[in-house]
Amino acid sequence: MSGRVAPSARLGRAALAGAVLLVLAGCGAAAPAGPPITVTGAWARPALEGNPTAVYMAIHNAGDVEDHLLSISVAVAASAEVHETVREGDLVRMVPRQRLPIPAGGTAVLEPGGTHVMLMKLGDALEIGDSVAMTLGFARGGTVVVNATVQEGAPAAGDGAQE
Ligand SMILES: [Cu+2]
């Protein structure tokens, strides 16, 4: 019986602690930079000139507030979009996303079969071993330059953690 009371009491305290944290974050608003965003394990699929290709990566948000990926600029392609892969029965569609959320203290994972960055109309062929420089723009975290390695498949699990 008392077991029912204790968890909710604990929850209440956790919520209070959260409120205090928010207030503290508000006090620190003088700091110019947003929450630190880092990107690991970026890679792109090889593709021919004029074709599209996909880029994958993990975007980490060490901050206490959700951030959003708003823009991608890249020299090697005509444009870049964030796509979400949507399955409807046997049909697989790619849907552009204007704002990709990066959860507070979390990671947005862009991987094959899921969310990815699509480079449209490559100005040059991408071959294995090439590097694709991209500048990602975030709502709070400013800009982050990413170099995606061109390779056939994802790096082995755990590679990203060592960067
Ligand atoms: Cu796509």
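This is a short walk through the strands, the core and a few single residues of one protein model.

Okay, ground rules. What you have in front of you is a predicted model, so local features need pLDDT of at least 70, side-chain atom pairs count only at pLDDT 80 or more, and totals for chains, interfaces and linings use all residues. Residues are numbered from 1 along each chain as its sequence is written.

How confident is the predictor? pLDDT is its confidence in each residue, from 0 to 100. The protein averages 83, and 74% of the residues score at least 70. Residues 1–9 sit below 50, and that stretch has 0 contacts in the model beyond near neighbours in sequence. Residues 14–32 are also below 50, with 2 contacts beyond near neighbours. By contact I mean two residues whose C-beta atoms, placed from the backbone, lie within 7 Å.

Now the overall layout. There is 1 helix and there are 10 strands, and the helix comes ahead of the strands as you go from the N terminus. Helices (H or I, at least four residues) and strands (E, at least two) are DSSP runs, numbered from the N terminus. Take the contacts with a separation of 6 or more: 71% of them are between residues 24 or more positions apart.

On burial, 25% of the 163 residues count as buried. Buried here means 20 or more other C-beta atoms within 10 Å of a residue's own; 12 or fewer is exposed, in between is partly exposed, and the C-beta atoms are placed from the backbone.

So who is in the core? The largest nonpolar core has 30 residues, and among those with the most contacts inside it are Val55, Val74, Leu119, Met134 and Ala148. A nonpolar core, by the way, is a set of buried Ala, Val, Leu, Ile, Met, Phe, Trp, Tyr and Cys residues joined through C-beta atoms within 7 Å. Strand β1, residues 37–44, gives the most to this core, with 5 residues. If you click on Leu119 and skip residues up to four places away in sequence, you'll find it touching Pro52, Thr53, Val55, Val74, Val76, Ala77 and Ala80.

Next, strand β9, residues 131–138. Which face of β9 is covered? That's Val132, Met134, Leu136 and Phe138, while Ser131, Ala133, Thr135 and Gly137 make up the uncovered one. β9 runs antiparallel to β3, residues 67–74, with 5 bridges joining them, and Leu69 stands opposite Phe138 there. β9 is also antiparallel to β10, residues 142–150, this time over 8 bridges. Met134 has Val146 in β10 as its bridge partner, and the hairpin joining β9 to β10 goes through 3 residues. When I say two strands pair, I mean DSSP finds at least two bridges between them.

β7 alternates too: Ala108 and Leu110 point to one face and are buried, while Thr107 and Val109 point to the other and are not. β7 pairs antiparallel with β2 over 4 bridges, and one bridge there links Ala58 with Val109.

Compare that with β5, residues 91–97. How many of its 7 residues are buried? The count is 0, so the strand is hardly covered. β5 pairs with β4, residues 77–88, in the antiparallel sense over 7 bridges, with Arg87 opposite Val92. The two form a hairpin with 2 residues between them, and Gly89 in the turn has a positive phi of about 65 degrees.

Last, three residues worth a click. Ala54 is in β2, residues 53–61, and counts as partly exposed because it has 18 other C-beta atoms within 10 Å. Leaving aside neighbours within four places, Ala54 contacts Ala44, Arg45, His116, Val117 and Met118.

Ala104 is in the loop between β6 and β7. Why is Ala104 partly exposed? Because there are 13 other C-beta atoms within 10 Å. Its C-alpha is separated by 6.8 Å from that of Ala62, which is 42 residues away along the chain. With neighbours within four places left out, its contacts are Asn61, Gly63, Asp64, Val65 and Glu66.

And Lys121, in strand β8, residues 116–122. Lys121 has a positive phi, near 55 degrees, and is a residue other than glycine. Is Lys121 buried or exposed? Exposed, because it has 12 C-beta neighbours inside 10 Å.

That's my tour, thanks.

Methods. pLDDT = per-residue confidence, 0-100.
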